Each structure stands twice: as C-alpha cells, then as structure tokens.
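Here is a short note for a colleague who is opening this model for the first time. The points below take up charged side chains and empty spaces in turn.

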Amino acid sequence: MAVVTVREVLYMYSAVRQAYERLLSVCGSPEKAQNAVALLVWLDQGTISAIHFVPAIGSDAVAVMAWEANAVLEWLRNQVPAVPAIPLISALCMQGGVRIDPGLFAFHQDLVVRGVAHFLDGAGKFVFNDRLHVLLWKSETGLVGNPPELMAPYTQPVAVPEDCRSMFITFSKGMPPHREEIFEYFREKWGDCVVRVLMEKTKGGLMPMYGRIIFKTEAIVKLVLNGERLVKISIRHRQIWLRKYVPRPTNATA
C-alpha cells in the first residue's frame, strides 16, 4: 500500500487551509478559527460543502459563518434551550446538495464532538501548522528542495501527556459538584471523553475548592475553551470555572 506523505496531506486539505486563513483574518483568534474549520470539515459529507465557499465570500459573510460555527460550539459546551440557527452555513451546504438541520447537533452531540476532535487531533495538527506551510511554499517556489518534514509519512500524532489534555477547575465556595456529576455532565453531552476527575483533598469536612479534569484528547480542552482563557459552565445550578491546566514548575536540583 502506498505511503501518504505529509506533503500530500497538505495538498489534500488545501481548501481547508484556505478557509482557515480566511476565517483567521476575520475573527483574529487561531483557536476559534481552527475549531470553526474543524466543525465545517465534519459537516462536509464528501461533496461540495460550506467550507469550499469560505475563501471566495466577502468578509461580512465570513464573519457571520464564524459566528454561526462558534455559536454551535458554545451550545455544545454550555447548552441553552435551543440549538442556534445557522442560516448561512445551511444555505452554503444546500448549494452542494447537503441539507443541514440544526437539530442534527442536538441528536448527535457526541458524534459532532468526536468528529471535530478527531480532525483537530489528527490532520488538523498538520493543516494548522504554519511552519509546514512555509516549508511547502518554499519547496513549491524552488527556494528549498524536498524538506524531510514534508516527505515524511503521514501518521496520526501520538497521544500527548496528561498535563496537555487537562483542565483546572474551581468551584463557588461551599457549592462543589460531586465528581460523578462532572463525569456525567461531559458524558451526556460529549460522550466518553473524560479519563478521570481529581478533587482537592480536604480535612475536617471542608468542601473542595478546586479540581482537575483529565480528558482523553487535547482537542477537547481546545473545544471547551474555544479561544478563551477562562470559561464557565453550570452543573445542577452550581457554577464551575475551567481553564487550561498549567503544572507547577519543579525546581531542578544539582
């Protein structure tokens, strides 16, 4: 079986890269642009779909598309009563013969998240890699030969350490949810995405004030934050604040 190279993957997803650059130029946040593109890739069912129109449409339309995609991602994280409408994305998908009903997201939340995360953790790591695209441009213009990075076989990236796929969580004083409730919140919405939940160890009957969620993939952390430093969710009317976990530095010894 022929080996697929990184160069070939970049060519394969050239339209996706163009859409990403267009969305980035409008929304300004790499994380939000990447998540929006990953959602559009998931919506692409192998025919001409919304993502192929992004490079050619006007800036105002791109901004609307980015807003619609990120509204869906926000809904997936912190569900509101109704799924947000996505009239522009739906209209562009219809031009490719695909009808997108917003109810799709409500009935298949776990499939959506799993598909988006799969792209972010896989091909997305190459598609959104600026350095690889600079190398590709230099190679195509004759400034360099065939860089080893581009000629290397394409493989799914290896699993990242737990620290890279963890989130630090804090609770309102005296109102922490149970560990199982945190598990269930994400399991119901996003499927089997949590490895474990750690809570502050306390004494004397004191309630924990913080904890840590370890997800199965780094992409889930990116989807939860969606370009923000700190986000809030509510579990059984109790607020939880989440941010990317940053391990404490260890002092090197001589």
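1. Before the charged pairs are discussed, one term is needed: a residue is called buried when its relative accessible area is under 20%, exposed when that area is over 50%, and partly exposed in between. Glu184, with a relative accessible area of 34%, is therefore partly exposed. Please keep in mind throughout that this is a predicted model.

2. Glu184 has a charged partner in Arg187, and the side chains of the two meet in a salt bridge with an N to O distance of 2.7 Å. Both residues belong to helix H11 (residues 179–190), where they lie 3 residues apart, or about one turn of the helix. Arg187, at 40% relative accessibility, also counts as partly exposed.

3. A second pair within a helix is formed by Arg17 and Glu21, whose closest N and O atoms are 2.9 Å apart in a salt bridge. These residues are 4 residues apart in helix H2 (residues 14–27), a separation of about one helical turn. The surroundings of the two partners should be read separately, since Arg17 is buried, with a relative accessible area of 9%, whereas Glu21 is partly exposed at 41%. The pair should not be viewed in isolation either, as Arg17, Glu21 and Asp130 are linked in a network of salt bridges.

4. The salt bridge between Glu228 and Lys32, with closest N and O atoms 3.2 Å apart, links distant parts of the chain. Glu228 sits in the loop between H12 and strand S4 (231–235), while Lys32 is in helix H3 (residues 30–43), and the two are 196 residues apart. Glu228 is partly exposed at 39% relative accessibility, and Lys32 is partly exposed as well, with a relative accessible area of 25%. For the whole model, the count comes to 12 salt bridges.

5. Which charged side chain is buried yet has no salt bridge? That residue is Arg165, and the nearest side chain of opposite charge, Glu162, is 4.7 Å away. Because a salt bridge requires a nitrogen and a carboxyl oxygen within 4 Å, Arg165 and Glu162 at 4.7 Å do not qualify. Arg165 is placed in the loop between helix H10 (148–151) and strand S1 (166–171). Leaving aside neighbours within four places in sequence, the contacts of Arg165 include Val160, Val195, Lys216, Thr217 and Glu218.

6. The largest pocket holds about 340 Å³ of space and is lined by 21 residues, of which Ala117, Asp121, Lys216, Thr217 and Glu218 lie nearest its centre. Helix H7 (109–121) and helix H12 (218–225) each supply at least two residues of this lining, and the largest share, 6 residues, comes from H7. By class, the lining of the pocket divides into 9 nonpolar, 4 polar and 8 charged residues.

7. There are also 2 cavities of 30 Å³ or more. The largest cavity has a volume of about 40 Å³ and is lined by Leu73, Leu76, Val112, Val113, Val116, Trp190 and Leu223. Its lining has 7 nonpolar residues, with no polar and no charged ones, and H7 gives the largest share, 3 residues.

8. The second largest cavity contains about 30 Å³ of space, and its lining is made up of Phe183, Arg187, Gly191, Asp192, Cys193 and Val194. These divide into 3 nonpolar, 1 polar and 2 charged residues. Arg187, one of the lining residues, is the residue that forms the salt bridge with Glu184.

Methods. Residues are numbered from 1 along each chain as its sequence is written. This is a predicted model: local features need pLDDT of at least 70, side-chain atom pairs count only at pLDDT 80 or more; totals for chains, interfaces and linings use all residues. Side-chain values use heavy atoms; hydrogens and water are left out. Buried means under 20% relative accessible area, exposed over 50%, partly exposed in between (1.4 Å probe, protein chains only). Lys and Arg count as positive and Asp and Glu as negative; His and the chain ends are not counted. Contact means heavy atoms within 4.5 Å. On a 1 Å grid over the protein atoms alone, a cavity is a set of points where a 1.4 Å probe fits but cannot get out, and a pocket is an open set with protein on both sides within 12 Å along at least five of seven lines; lining residues have an atom within 4 Å of a point. Grid points are joined across faces, edges and corners, and a volume is the space filled by probe spheres set on the points. Ala, Val, Leu, Ile, Met, Phe, Trp, Tyr, Cys and Pro count as nonpolar, Asp, Glu, Lys and Arg as charged, and the others, Gly among them, as polar.
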